[in-house]
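Trainee: I have a structure open in front of me and would like to learn how to read it. Could you walk me through it, one feature at a time?

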Amino acid sequence: MTTLNLNELFDVNRCQHSVDAFALFFYFPIGLVLAVLRIFIGCHAFLIACVLSKLSSVRFYVLRVMCMVLGVVVKEEGETNRDRSMKVIVTNHVSTLDHLAVDLVLPCVLPGVWDLPKKLNWALGIRDFGVKQGRDVLIQNVKRYLRDSDLPVVVHPEGATTNGRKGLLKFSTWPFSLDHSVQPIVIQVNRPLGFKIAVSVIGSRWWSDLFCFLFVPFTLFTLRYLPVMTKHTEEDVEEFTKRVQVSMAQELGIVATNFTCADKVEHAKRILNVSPYIPPAHQNAQPRIPSTSAIPNITDLASQVKEVLPHVPLEVIKKDLATTKCIDTTLTRLLEGTVIFTPESVSSHPPKASISTPSTSTACLEDKSTASDSLFSTPSTAAQTFGTTAEERMQSYQDRKAQLIETARRRYKEKHKMV
Amino acid sequence: MARSALRRLMAEYKQLTLNPPEGIIAGPVCEENFFEWEALIMGPEGTCFEGGVFPAKLIFPPDYPLSPPKMQFTCEMFHPNIYPDGRVCISILHAPGEDPMGYESSAERWSPVQSVEKILLSVISMLAEPNDESGANVDAAKMWREDREQFNKITDRLVRKSLGLAPA
C-alpha cells in the first residue's frame with residue numbers, strides 16, 4: 001500500500017514558484033523569438049530525419065546536433081548496461097518527447113497506443129500496430145515486427161506522463177510479454193535554473209508542451225541505462241512487470257505506486273472541473289489547488305458519502321474528502337480499499353446486527369482474483385476505461401460479455417478436444 | 001434514499017468494470033433502470049460447473065445498500081442452494097433480521113459492508129462447495145449427497161447449454 005497521494009505525481013502549473021514566473025516575464029520576448037526561429041530549424045531537422053535512414057550514423061550526428069540547437073540535449077549514463085541486441089526498451093514517461101530523446105541515441109520505434117491520424121503517427125516516429133483491434137492483435141503485430149526488423153521498440157508502460165519526482169504509475173503488462181528480456185532506461189528531464197518550467201502539466205496538450213521545449217534555452221534529458229532484466233521462468237508477466245517497475249523506481253529514488261493512467265485521467269478531470277472556483281487573479285502566481293473556502297462544505301459532502309457507505313466512520317470520510325474534495329473519488333477510494341478503515345455498525349439494523357467479515361472461502365477467492373489479472377492466464381474481463389456516456393459503457397459491457405462467452409466456449413472445446 | 005443507492009450502484013459498477021474479479025461480469029441491463037443488473041458468472045475451475053458461463057439477474061431495492069439485492073439465475077440451474085426457479089439461497093443475500101431457513105449464522109449476512117462483488121464471489125464459492133443442509137432444491141441436494149456421478153452429468157449438460165454447445 002502506498003502512502004503517496006495521487007496529486008503529488010503530477011504538476012498542475014507550469015511554474016512552481018512565483019520567482020520563476022517573475023524571471024520568465026523578462027525572458028518572454030527572447031523566448032518567443034527563440035521559439036519562432038526554432039520552429040523553422042525544426043522543420044529542417046524533421047525533413048532530414050525523414051530523408052536519412054534510421055540506422056545511418058550520419059543521421060545520428062546530424063540530428064543530435066540539430067536537436068541541441070532546438071533545445072533538446074540528451075545525455076547518456078550507464079552505457080555499460082546498454083545492450084544493443086535488446087528488442088524491447090521500457091522507459092518512464094515524463095514528457096511528450098521522451099521517445100524522440102531515446103530515438104536520438106538509440107534508434108527505435110514507438111508502438112502507437114493512441115488513436116492518432118496515420119500521417120501524424122508517421123511524422124512522430126510512431127508506428128500503428130493495430131491497437132484498435134485489441135491487445136492480443138497489438139502484441140502479435142509487435143512480436144512479428146520485432147522478428148523481422150533491426151529496430152527495437154520503445155514503450156512507456158506507465159501509459160501517461162508524471163512529473164518524475166515522486167512516483168511511477170503502475171506499469172501495464174503487455175510490453176513485458178513481448179520478449180524475455182527488456183532494457184530499462186530511466187529518463188530525467190531538467191531545465192536550467194530560472195527556467196524551471198514543468199515539462200508537462202496535468203491536462204496539457206502536446207503543442208503547449210512542445211512550445212515550452214522551444215521557448216526555454218534548453219532542456220536536458222538524462223537517460224540512464226539499467227542492467228537488462230530477464231524474466232525468470234517461475235515468474236509470471238505480472239510479477240516481472242512489478243519487478244521492473246520497482247527497480248526503475250529505486251533508480252530514480254521514487255515510489256512505485258499502484259495508480260494507473262486511468263486514475264490520472266480521473267484526477268485531471270477533477271482538477272480541471274475544480275479550477276473555476278479559484279479567483280482568476282491568483283491563477284498565474286499560485287499552484288492551482290483550491291483553497292478550503294472555495295470548495296463546498298466538507299461536512300455536507302461527507303454526509304452524502306455516509307449515505308452511500310453507511311459502514312465507514314465519518315472521520316475517515318472527512319479526512320479523505322479533505323484531500324480528494326470529490327465525492328466520487330472518495331467513494332472509489334473507499335470501495336477499492338485505498339483508504340483503510342474499521343467498519344462501524346449501522347444503526348438502522350436490528351440490534352444484533354454485527355458487521356461481518358467475509359467468510360474464509362470468499363476471502364481466499366478474493367485473494368486469488370486480485371493476484372492475477374495478467375493477460376494470458378485468465379480471461380480478464382476488465383475494461384480499459386469506464387465510459388463517460390451510458391452508450392459507451394453499454395457497448396463496452398456488451399463487448400466484454402461476448403468476449404467472456406467466446407473465451408469460455410473456446411476453452412471448453414480445447415479441454416474436451418472438440419473440433 | 002434512491003439517490004444514494006444510485007450513487008453507490010454507479011460506484012460499484014465502475015469498480016466492477018475496471019477491476020472485476022476473475023470470470024465475473026456485472027452491470028445494469030439498461031442504464032435507464034439502474035436497479036436491475038445482469039451478471040455473468042463463470043463456473044469455478046476444478047468443480048462440476050467448470051467452464052460454464054451462467055447468466056443471472058440482480059434486483060436492487062431502493063434503500064440499497066441497507067437492504068440486500070435479490071439474485072436469480074436466468075438459465076437452467078441444478079444446485080442444492082438454487083431454487084428450481086433460479087433464485088439463489090445464500091446467507092449474504094439475507095439481512096440479519098430475516099432467516100427463512102433458520103440455520104444461518106448471522107456472521108455471513110448482508111450488511112452495507114458487502115457489495116455486488118462480494119455477493120458474486122460468494123455465489124462462485126457456493127457453486128464450488130454446495131451447502132447440502134439448505135434445501136432450496138431438495139432433489140439436487142439429495143443427488144449431490146447420494147449420486148454424485150449423476151449430478152455431474154446434469155451439471156455438464158448445463159455447462160454445455162450455457163455455452164450454446166450441443167449436448168455430448
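**Reading the structure together**

Mentor: Gladly! Let's begin with a helix. The buried residues of helix 7 of chain A are A:Val237, A:Glu238, A:Phe240, A:Thr241, A:Val244, A:Gln245, A:Ser247, A:Met248, A:Ala249 and A:Leu252. Please keep in mind that this is a predicted model.

Trainee: How many residues does helix 7 of chain A have, and what span does it reach?

Mentor: Helix 7 of chain A covers residues 237–252, which is 16 residues. From its first C-alpha to its last it reaches 23 Å, close to the 22 Å expected at 1.5 Å a residue. Just after helix 7 of chain A comes A:Gly253, with a positive phi near 70°.

Trainee: Now a single side chain. Is A:His267 buried or exposed?

Mentor: The idea is to compare its relative accessibility with a cut-off: buried means under 20%. A:His267 is at 3%, so it counts as buried. You will find A:His267 in helix 8 of chain A, residues 261–274. Leaving aside residues up to four places away in sequence, A:His267 touches A:Leu6, A:Asn7, A:Phe10 and A:Ile202.

Trainee: And strands? Why is strand 8 of chain A described as largely enclosed?

Mentor: Count its buried residues. In strand 8 of chain A, residues 219–225, 6 of the 7 residues are buried, so the strand is largely enclosed by the rest of the structure. As a general idea, side chains in a regular strand alternate between the two faces of the sheet.

Trainee: Which strands pair with strand 8 of chain A, and in which sense?

Mentor: Take strand 1 of chain A, residues 72–77: it runs parallel to strand 8 of chain A, and 6 bridges join them. Within this pairing, A:Val72 has A:Thr219 as its bridge partner. Strand 7 of chain A, residues 181–190, also pairs with strand 8 of chain A over 6 bridges, but in the antiparallel sense. There, A:Val189 is matched with A:Phe221.

Trainee: What does chain A come to as a whole, in helices and strands?

Mentor: Chain A has 13 helices and 10 strands. Of its 419 residues, 45% are buried. Its accessible surface comes to about 21,900 Å², and carbon and sulfur atoms account for 60% of that. For contacts in chain A between residues at least 6 apart in sequence, 72% join residues at least 24 apart.

Trainee: Let's look at cores. Which residues have the most contacts inside the largest nonpolar core?

Mentor: The general idea first: in soluble globular proteins, nonpolar side chains tend to be buried together. Here the largest nonpolar core has 47 residues, and B:Trp37, B:Met71, B:Phe73 and B:Val123 have the most contacts inside it. Elements giving two or more residues to this core include helix 13 of chain A and helix 1 of chain B. Helix 2 of chain B gives the largest share, 8 residues. Apart from this core lies another, of 28 residues, with A:Val142, A:Val153, A:Val186 and A:Ala249 among them. You have already met A:Ala249 as one of the buried residues of helix 7 of chain A.

Trainee: Where is B:Cys89 found?

Mentor: B:Cys89 is in the loop between strand 4 and helix 2 of chain B. An unreviewed UniProt entry annotates B:Cys89 as "active site". With a relative accessible area of 3%, B:Cys89 is buried.

Trainee: One last thing: is the peptide bond from B:Tyr64 to B:Pro65 cis or trans?

Mentor: Check the omega angle. For this bond omega is near 10°, and the bond is cis. B:Pro65 sits in the loop between strand 3 and strand 4 of chain B.

Definitions and conventions:
Residues are numbered from 1 along each chain as its sequence is written. Chains are lettered from A and ligands numbered from 1 in the order in which they are written. This is a predicted model: local features need pLDDT of at least 70, side-chain atom pairs count only at pLDDT 80 or more; totals for chains, interfaces and linings use all residues. Side-chain values use heavy atoms; hydrogens and water are left out. A nonpolar core is a set of buried Ala, Val, Leu, Ile, Met, Phe, Trp, Tyr and Cys residues joined through side-chain atoms within 4.5 Å. Buried means under 20% relative accessible area, exposed over 50%, partly exposed in between (1.4 Å probe, protein chains only). Helices (H or I, at least four residues) and strands (E, at least two) are DSSP runs, numbered from the N terminus. UniProt positions are given in the numbering used here, feature names are shortened, and annotations may be inferred rather than shown by experiment. Contact means heavy atoms within 4.5 Å. Accessible areas come from the Shrake-Rupley method with a 1.4 Å probe; for residues, only the protein chains shown count as cover. The expected span of a helix is 1.5 Å times one less than its number of residues. Two strands pair if DSSP finds at least two bridges between them.
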